[in-house]
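The following paragraphs explain a protein structure to a reader who meets it here for the initial time. Please examine the sequence and the model before reading on.

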Amino acid sequence: MSCIKINIRLSIAVLLTTFLNGCLVSSPYHGQVFSSRTDRIPMQVWSNSSSHRVLVECHRASQRRLYEPMGDYTWQRIDNNLLWPSTPSRDSGGNIAHGWSANMVLPDSCWHRERTPDGPRSKTALRFKQQIGIDGDNRPIYRLSAVFDKLGLACAGHAIGATGLWSGYLNTNCNVTYDYSTQALPFLIIESPS
């Protein structure tokens, strides 16, 4: 049983590490529902680099979209909840993936409350980013992590397992996309009934 858990964990780690930007989120997943806005949300991000911490940001969300315009100024950084790297894992090709994890209670300001036919719902968008350098004006350059829904995580895990490589999920169309598009979402949306 532990071998299966390790292989799945490694598969997810590989997916997260190399997806376009080199980072992948395995928890939470897009569309995940939590029982309360005050739940501790498990965060797990995989990256091929441990030289910079992974930052978590939130944005108020609505039904399958952001509630407000998407400029960087509308994202709220969650500074007091940092993700820290674990011991790196290797795939069969020797490629490294670092796991970053924490359990976080999101600030109330992250959540957008709305009435739906099923009753009141609260939603937030999360994005995970990692600094990869500095530009000519001495500003940080970030890469955003790939995000998946539950079926996408299964798809990515299968692709990683089939190839034995963290990058096995690339070009498999496992990631969440914008509606009516093939462009990958740079954020995920979670919700709560409260």
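How many disulfides does the count come to? In this predicted model, the count comes to two disulfides. A disulfide is a covalent bond between the sulfur atoms of two cysteines. With the bonded cysteines numbered in sequence order, the pairing is 1-2, 3-4.

One disulfide is formed by cysteine 58 and cysteine 110, with sulfur atoms 1.9 Å apart. This pair links distant parts of the chain, 52 residues apart: cysteine 58 belongs to strand E3, and cysteine 110 to the loop between E8 and strand E9 (112-116). Both cysteine 58 and cysteine 110 are buried.

The other disulfide joins cysteine 155 to cysteine 174. Cysteine 155 lies in helix H2 (residues 150-163) and cysteine 174 in the loop between H2 and E12, so this pair ties together parts 19 residues apart in sequence. Cysteine 155 is partly exposed, at a relative accessible area of 28%, whereas cysteine 174, at 6% relative accessibility, counts as buried.

The wider setting comes next. The protein contains two helices and 12 strands, and 47% of its 194 residues are buried. The largest nonpolar core has 28 residues, of which Met43, Leu106, Leu126, Phe128 and Ile190 touch the most other members. Strands that each supply at least two residues of this core include E1 (23-27), E2 (41-47) and E10 (119-134). Strand E3 gives the most to this core, with four residues. Apart from this core lies another, of 12 residues, among them Trp46, Leu153, Ile160 and Cys174.

How values were computed:
Residues are numbered from 1 along each chain as its sequence is written. This is a predicted model: local features need pLDDT of at least 70, side-chain atom pairs count only at pLDDT 80 or more; totals for chains, interfaces and linings use all residues. Side-chain values use heavy atoms; hydrogens and water are left out. A nonpolar core is a set of buried Ala, Val, Leu, Ile, Met, Phe, Trp, Tyr and Cys residues joined through side-chain atoms within 4.5 Å. Buried means under 20% relative accessible area, exposed over 50%, partly exposed in between (1.4 Å probe, protein chains only). A disulfide is a pair of cysteine sulfur atoms within 2.5 Å.
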